[in-house]
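This report describes selected features of the structure shown below. It treats aromatic contacts, helix packing and a few individual residues in turn.

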Amino acid sequence: MVKVKALVMTYRDYDLNTLAKAYFTNDELVKLYKFYDSVIALETCNRIEFYLDGDEDEDILIKLINEKAGIKPRILYDLDAVKHLLLVTAGLDSMFLGEREILSQVKRAYGVGKPSLRLRILFESAIRFGENFRRKYDLYDISFVKFLSDYIIRSISKDSNVLIIGGGEVARGIARELIKSGYSNITVINRTLDKLRYEFGNSIRLLGLESLMSELTSNKYDILITAVSVQSPLINLNATDYSLPNLIIDVSTPSAIKVQGNGHVRIIRLEDLREPYLKYVNGRSNIMEKLSEINNETERIMRLIMRSDADEVIRDVMRFVENIREEEVKEALNALRSSDNIEAIIDAMSRSLVKKIMHNYLENMRRYAEVGDETTVKKLRSYLMEVVKE
């Protein structure tokens with residue numbers, strides 16, 4: 001019996017433009033949560049994933065995804081689903097290893113989702129593991145933010161004018177690293193500024209999105225870095241008509257910048273950085289040799305989920321037994337009010353109690369015996385004898 005399922009679509013399965021078509025809006029997610037008793041949706045710039053309790057029917061959700069985007073998700077069950085989420089929270093399934101923001105995104109998805117007991121065990125365990133794994137192996141040192149910041153620092157001098165578009169983890173991380181390295185001429189443009197003001201105060205120049213075009217074409221910036229999540233290009237320009245920065249690094253998903261007639265402008269996109277990033281990681285870490293920890297934790301979490309199922313069955317059995325016990329106690333107390341033969345009353349109560357509790361168990365043994373299933377009969381007898389011995 002399946003315990004948990006994961007419907008997975010990531011940058012590994014589809015290009016980001018195709019993937020973007022499968023995103024569920026907030027209103028669509030609200031409707032989805034009403035339809036399912038247990039579901040958690042994880043949507044980021046390069047992944048769309050749905051986690052379902054094993055008792056849920058995934059076919060309707062698969063049909064919705066196919067109608068929206070003409071694609072179908074990979075379906076992972078039990079151990080594969082658990083391992084996948086562990087890789088995600090550890091930052092090992094991200095487009096760039098060690099991505100920090102994904103862990104926060106998993107926490108948010110869990111917070112607004114509809115988890116069953118199985119999914120609660122899965123997500124709470126995976127989040128704890130991700131936090132501990134990152135701390136243990138200091139993944140920030142090999143994160144994409146650290147790599148990209150080092151890349152930028154090698155490309156421009158400290159007196160360069162830097163324009164960053166975006167307010168997410170990548171954009172803020174680059175700003176932090178540049179400030180630590182002595183860069184002071186930094187401007188950040190974003191739709192909302194409260195989080196940026198709280199973190200950076202007056203250490204960088206902050207502007208709203210309405211200033212984008214005037215700043216971008218002002219001819220005062222040496223480098224432009226864009227790190228935003230967009231449905232279509234945010235900037236569409238002809239380089240011959242404007243004075244653009246000489247170096248543009250676009251790590252948005254999908255690309256936020258479309259420049260015609262590049263001329264002197266050098267544009268580096270996300271896909272251009274993958275190979276140098278892998279070399280960077282391999283030169284600094286042996287993290288991919290630690291996957292045995294993922295496998296061990298996967299098995300541990302699966303045991304917890306299966307144990308939770310057994311605990312629920314045990315609770316049902318104990319409720320059944322407790323009801324029988326309460327009934328027998330009431331009958332015994334009534335009998336004591338009209339008789340002084342305490343030994344006979346206790347003997348009758350114990351016989352009745354055992355008979356009621358064992359009735360279904362013994363009837364099952366008879367049924368298996370009637371159809372010639374001696375193996376099961378012997379197993380049931382063995383289990384019973386073990387209980388008696390204890």
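Phe144, Phe147, Tyr151, Tyr277 and Tyr280 form one aromatic cluster in this predicted model. Within this group, Phe147 and Tyr277 make an edge-to-face pair, with 5.2 Å from centre to centre and 65° between the planes. The angle exceeds the limit of 60 degrees, over which a pair counts as edge-to-face. The two residues come from distant parts of the chain: Phe147 belongs to helix H7 (residues 144-155) and Tyr277 to helix H11 (residues 270-284), with their positions 130 residues apart. Both Phe147 and Tyr277 are buried.

The total is 12 aromatic pairs. Another of these involves Tyr51 and Phe123, whose ring centres are 5.2 Å apart and whose planes stand at 90°, so the pair is edge-to-face. This pair, too, links distant parts of the chain, as Tyr51 is in strand E3 (residues 47-53) and Phe123 is in helix H6 (residues 117-137), 72 residues apart. Tyr51 and Phe123 are both buried. A contact of another kind involves the ring of Phe24: Lys68 lies over its face, at 5.1 Å from the ring centre.

**Packing of helices**

Two packed helices are described by the angle between their axes and the distance between the axes. The table gives these values for three pairs.

| Helix pair | Angle between axes | Distance between axes |
|---|---|---|
| H4 and H6 | about 40° | 8 Å |
| H4 and H5 | about 130° | 8 Å |
| H6 and H12 | roughly 155° | within 10 Å |

Helix H4 (residues 78-89) packs against H6 at an angle of about 40°. That angle makes H4 oblique to H6. The crossing of H4 past H6 is right-handed. On the H4 side, the contact is made by Val82, Leu85, Leu86, Val88 and Thr89. Their counterparts in H6 are Leu122, Phe123, Ala126, Ile127, Phe129, Gly130 and Arg134. Phe123 thus has a place both in this helix contact and in the aromatic pair with Tyr51.

H4 also packs against helix H5 (residues 101-112), here at an angle of about 130°. H4 is therefore oblique to H5. In this contact Leu85, Val88 and Thr89 of H4 meet Ile102, Leu103 and Val106 of H5. Leu85, Val88 and Thr89 are also among the H4 residues that meet H6.

H6 has a further partner in helix H12 (residues 291-338), and the two axes cross at roughly 155°. H6 and H12 are therefore roughly antiparallel to each other. Their crossing is right-handed. From H6, the residues in contact are Leu117, Arg118, Ile121, Leu122, Ser125, Ala126, Phe129, Phe133, Lys136 and Tyr137. From H12, they are Glu293, Ile294, Glu297, Arg300, Ile301, Leu304, Ile305, Ser308 and Asp309. Leu122, Ala126 and Phe129 appear in this contact with H12 and also in the contact of H6 with H4.

**Backbone angles and individual positions**

Asp78 has a phi near 45°, a positive value in a residue other than glycine. Asp78 lies in helix H4. With a relative accessible area of 18%, Asp78 is buried, because buried means under 20%.

Asn219 likewise has a positive phi, near 65°, and is a residue other than glycine. Its place is in the loop between H10 and strand E8 (223-226). Is Asn219 exposed or buried? At 58% relative accessibility, Asn219 counts as exposed.

Two further residues are partly exposed. Met213, in helix H10 (residues 212-216), has a relative accessible area of 34% and is partly exposed. The C-alpha atoms of Met213 and Leu237 are separated by 9.9 Å, while the two residues are 24 residues apart along the chain.

Glu331 is in helix H12, the helix whose axis crosses that of H6. Glu331 is partly exposed, at a relative accessible area of 47%. From C-alpha to C-alpha, Glu331 and Met349 are 7.9 Å apart in space, and in sequence they are 18 residues apart.

Definitions and conventions:
Residues are numbered from 1 along each chain as its sequence is written. This is a predicted model: local features need pLDDT of at least 70, side-chain atom pairs count only at pLDDT 80 or more; totals for chains, interfaces and linings use all residues. Side-chain values use heavy atoms; hydrogens and water are left out. Rings of Phe, Tyr and Trp (its six-membered ring) pair if their centres lie within 6.5 Å; planes under 30 degrees apart count as stacked, over 60 as edge-to-face and the rest as tilted. Helices (H or I, at least four residues) and strands (E, at least two) are DSSP runs, numbered from the N terminus. Buried means under 20% relative accessible area, exposed over 50%, partly exposed in between (1.4 Å probe, protein chains only). A charge sits over a ring if NZ of Lys or CZ of Arg is within 6 Å of the ring centre and within 35 degrees of the ring normal. Axes are lines fitted to C-alpha atoms, for helices over the stretch in contact, and angles run from 0 to 180 degrees between N-to-C directions. Angles under 35 degrees count as roughly parallel, over 145 as roughly antiparallel, 65 to 115 as roughly perpendicular and the rest as oblique. A crossing is left-handed if the near helix is turned anticlockwise from the far one by less than a right angle, and right-handed if clockwise. Contact means heavy atoms within 4.5 Å.
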